[in-house]
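Here are some notes to read alongside the model, written for someone meeting a structure of this kind early in their studies. Please keep the view open while you go through the points.

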Amino acid sequence: MAMIISHSVKETMALGARLGKKLKAGDIVALTGVFGAGKTYFTKGIAKGLGVKNVNKVVSPSFVLGTIHLGKKYKLYHFDTHRLPDATELLNLGFTDCFSDGVCVMEWAERMRGLKAQPNVIVVSFKITGKNKRIIKISGKKI
Ligand SMILES: Nc1ncnc2c1ncn2[C@@H]1O[C@H](COP(=O)(O)OP(=O)(O)OP(=O)(O)O)[C@@H](O)[C@H]1O
Ligand SMILES: [Mg+2]
């Protein structure tokens, strides 16, 4: 477990990039935290770390369940389950297994009960503590 204080979008993205460089196919990054906590900026960083060329295209998938981006070695599957009535149903279906050829990043992961318990899941939680300040906690040994 690592606890980092980010003071800017830039720092949050740099942290995401650091994690992104270490991720492998089958890894799932579960992002938790309220609106505007920094989950999408962190994901942009992960994309950068995975070698996605245009990270500007990595935005909150608000009107679709997810988007796919091509990294250098692995694909990035970026999901946002916020609008779904019950995201846990997806998990029960074996949803994440379908995307194990790449890296899955899940925004609003708290809405998918049971996800955190999976062995290939890295939980990253965001807490807003000031206008530009975020406390970011990363589980596991990747960082
Ligand atoms: N240290 C920081 N790290 C990340 N974002 C920050 C930071 N300081 C301020 N911000 C601002 O907080 C917001 C974070 O937006 P972002 O889209 O990443 O949040 P989110 O957690 O994905 O929200 P949502 O649940 O709506 O998808 C942006 O407006 C950004 O400018
Ligand atoms: Mg978002």
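**Notes on the predicted model**

1. I begin with a single residue, Trp 108, whose place is in the loop between β5 and β6. Please bear in mind throughout that this is a predicted model. Most residues other than glycine have a negative phi. Trp 108, although it is not a glycine, has a positive phi of about 60°. Is this residue buried or exposed? Trp 108 has 20 other C-beta atoms within 10 Å, and because 20 or more is the cut-off for a buried residue, it counts as buried.

2. Stepping back to the whole chain, the secondary structure of the protein consists of three helices and seven strands, and when they are read from the N terminus on, their order is β-α-β-α-β-β-α-β-β-β. For 143 residues, a compact globule would have a radius of gyration near 15 Å, and the 14 Å of the protein agrees with this. The C-alpha atoms fill a box of roughly 40 × 30 × 30 Å along the principal axes, and 42% of the 143 residues count as buried. Among the contacts with a separation of 6 or more, 68% are between residues that lie 24 or more positions apart.

3. The strand β6 deserves a careful look, since two pairings involve it. With β2 it pairs in the parallel sense over five bridges, and one of the residue pairs to look for is Ala 30 with its bridge partner Val 123 in β6. With β7, which covers residues 134-138, β6 is joined by five bridges and runs antiparallel; here Val 124 has Ile 138 in β7 as its bridge partner. β6 and β7 also form a hairpin, with five residues between them.

4. How many residues of α2 are buried? The count is 12 of the 12, so this helix is largely enclosed by the rest of the structure. Among the buried residues of α2 are Lys 39, Lys 44 and Lys 48, together with Tyr 41, Phe 42, Ile 46 and Leu 50. What covers the buried residues of α2 includes the helix α1 and the strands β2, β3, β4, β5 and β6. From its first C-alpha to its last, α2 reaches 16 Å, close to the 16 Å expected at 1.5 Å a residue. Just after this helix, Gly 51 takes a positive phi of about 85°.

5. Ligand 1 is surrounded by 18 residues, of which the closest are Thr 12, Gly 38, Lys 39, Thr 40 and Asn 132. The elements that give two or more residues to this shell are α1 (9-20) and α2 (39-50). By residue class, the shell around ligand 1 divides into four nonpolar, 10 polar and four charged residues.

6. Finally, please locate Glu 11, which is found in helix α1. With 19 C-beta neighbours inside 10 Å, Glu 11 counts as partly exposed, because a buried residue needs 20 or more. Glu 11 and Arg 134 are 123 residues apart along the chain, yet their C-alpha atoms are separated by 9.9 Å.

How values were computed: Residues numbered from 1 in each chain as written. Chains lettered and ligands numbered in written order. Predicted model: local features only at pLDDT ≥ 70, side-chain atom pairs only at ≥ 80, totals over all residues. Near = placed C-beta within 6 Å. Helix = DSSP H or I, 4+ residues; strand = E, 2+ residues; numbered from the N terminus. Nonpolar A, V, L, I, M, F, W, Y, C, P; charged D, E, K, R; others polar. Expected span 1.5 Å × (residues − 1). Contact = placed C-beta atoms within 7 Å. Rg over C-alpha atoms; globule rule 2.2 N^0.38 Å. Pairing = 2+ DSSP bridges.
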